[in-house]
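Work through these exercises with the structure open. Try each task before reading its solution.

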Amino acid sequence: MLELLQQPWPWYVAGPLIGLTVPALLLVGNKALGISSSLRHVCAACVPAGIPFLTYNWRAEIWNLVFVLGIALGGFIGYRLLGHPDVIGISAATVRDLKAELHLTDFTGLLPRELFALDNLANWKGWVFLVLGGFLVGFGTRYAGGCTSGHAISGLSNLQWVSGVAVIGFFAGGLLMTWVIYPLLF
Amino acid sequence: MKYFKYLVLGTLFGIILTKSEVISWFRIQEMFRFQAFHMYGVIGSAILVGMISIQLIKRNRLKSMDGEPIVLTDKKFNHGIWIGGFIFGLGWALTGACPGPLFAQLGSGVGSAAVLILAALAGTWTYSALREKLPY
């Protein structure tokens, strides 16, 4: 059993379990799954600066911050305690393309060190991948009113066509970055 | 103590995100390059199971543990949905992370996740400050 837990889980195990989080949160506390809101709550709690959008009773949403704290704890248990492979088993075609197009050589870890090492903050890569990338995630999810959990999983599960529009937007942006902007960057 | 259940659910969610490797930048690149079914399988089966669950909850008019009727609000359209979605998509392909995975990465000990989260907070704050001036 432990051996099974230690290995990476296939999509047909992980996907349905992620899907079950939606009814679990509804049944346990009448809460809709959505994670990007936690970023707003942190801003409202720490730097509201009199901004109307950040002036609300964020304390009523503490459950969301506790859920996110749990995710971090889950990351520790899933990666450090249960163990992990050194190299993520992505397809050979992706490895080939990332080597050729992005000049990556180190495929160990969750994120490529050549792009995400903190030392990179001394050059353009760190500012584009760490700072600009993170900024776009925080800005875009709030502007769209949700991220992959709130729109793709929670929203589409509840047959919200608006969430379908959001997901098309997610993919349009992702494809433009991967296929058009990446070749310009490297 | 009333929040303990959310800590448990969040922890389980974080373990699943980590063990399925969807918190890896490499997996997200593989998805945007259409070179494996993995991410599509995870997201697709999650939506399918979520959809069936919500239908069961609605049809049986289930109540939450506190005895409240379960209410799901409808999402309203505005132009921010696709404009913001597109902006997030650009960031998703750069960082390989949605907000949830960022926290799982942090817990797994990836130092750069702390920078990414701070940058995401700066993005959310900037959006909040500019909100009245943005198109909808």
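The exercises below concern a predicted model.

**Exercise 1. Find how many residues of chain B and of chain A are in contact, and what area is buried between the chains.**

Solution.
- Step 1: Count the contacts. 106 residues of chain B touch 129 residues of chain A. The cut-off is heavy atoms within 4.5 Å.
- Step 2: Turn to area. The size of an interface is often given as the accessible area lost when the parts come together. Between chain B and chain A, about 10,300 Å² is buried.
- Step 3: Ask which atoms supply that area. Carbon and sulfur give 76% of it.
- Step 4: Pick out residues. On the chain B side, Lys19(B), Phe26(B) and Leu94(B) lose the most area to chain A. Together they make up 9% of what that side buries.

**Exercise 2. Look for polar links between chain B and chain A, then sort the chain B side by helix and by class.**

Solution.
- Step 1: Search for salt bridges. The count between the two chains is 1. Glu101(A) pairs with Arg33(B) in a salt bridge. Their closest N and O atoms are 3.0 Å apart, and the cut-off is 4 Å.
- Step 2: Widen the search to polar contacts. The interface has 32 residue pairs of this kind, both partners at pLDDT 80 or more.
- Step 3: Assign the chain B side to helices. Helices 1 (4-19), 2 (25-32), 3 (38-59), 4 (80-95), 5 (99-108) and 6 (112-130) each supply at least two residues. Helix 4 of chain B gives the largest share, 16 residues.
- Step 4: Sort by class. The side of chain B that touches chain A holds 59 nonpolar, 33 polar and 14 charged residues.

**Exercise 3. Set the UniProt "transmembrane region" spans of each chain against the model.**

Solution.
- Step 1: Take chain A. The unreviewed UniProt entry lists residues 12-29, 62-82, 127-145 and 165-185. In the model, residues 12-29 of chain A are 100% helix, with end C-alpha atoms 27 Å apart. Residues 127-145 of chain A are 95% helix, and their ends lie 25 Å apart.
- Step 2: Take chain B. Its unreviewed entry gives residues 36-57, 77-94 and 106-130. Residues 77-94 of chain B are 83% helix and reach 27 Å between end C-alpha atoms. For residues 106-130 of chain B, the values are 88% helix and 28 Å.
- Step 3: Look for strand. The share is 0% in residues 12-29 of chain A and 0% in residues 106-130 of chain B.

**Exercise 4. How far does helix 3 of chain B reach, and which residue follows it?**

Solution.
- Step 1: Helix 3 of chain B has 22 residues.
- Step 2: From first C-alpha to last, helix 3 reaches 32 Å, close to the 32 Å expected at 1.5 Å a residue.
- Step 3: Arg61(B) follows helix 3 of chain B, with a positive phi near 45 degrees.

Methods: Residues numbered from 1 in each chain as written. Chains lettered and ligands numbered in written order. Predicted model: local features only at pLDDT ≥ 70, side-chain atom pairs only at ≥ 80, totals over all residues. Heavy atoms only, no water. UniProt positions renumbered as here; feature names shortened; annotations may be inferred. Helix = DSSP H or I, 4+ residues; strand = E, 2+ residues; numbered from the N terminus. Buried area = accessible area lost by both parts, 1.4 Å probe. Salt bridge = Lys/Arg side-chain N within 4 Å of Asp/Glu carboxyl O. Polar contact = N/O pair within 3.5 Å; in protein donor to acceptor, adjacent residues only side chain to side chain. Nonpolar A, V, L, I, M, F, W, Y, C, P; charged D, E, K, R; others polar. Expected span 1.5 Å × (residues − 1).
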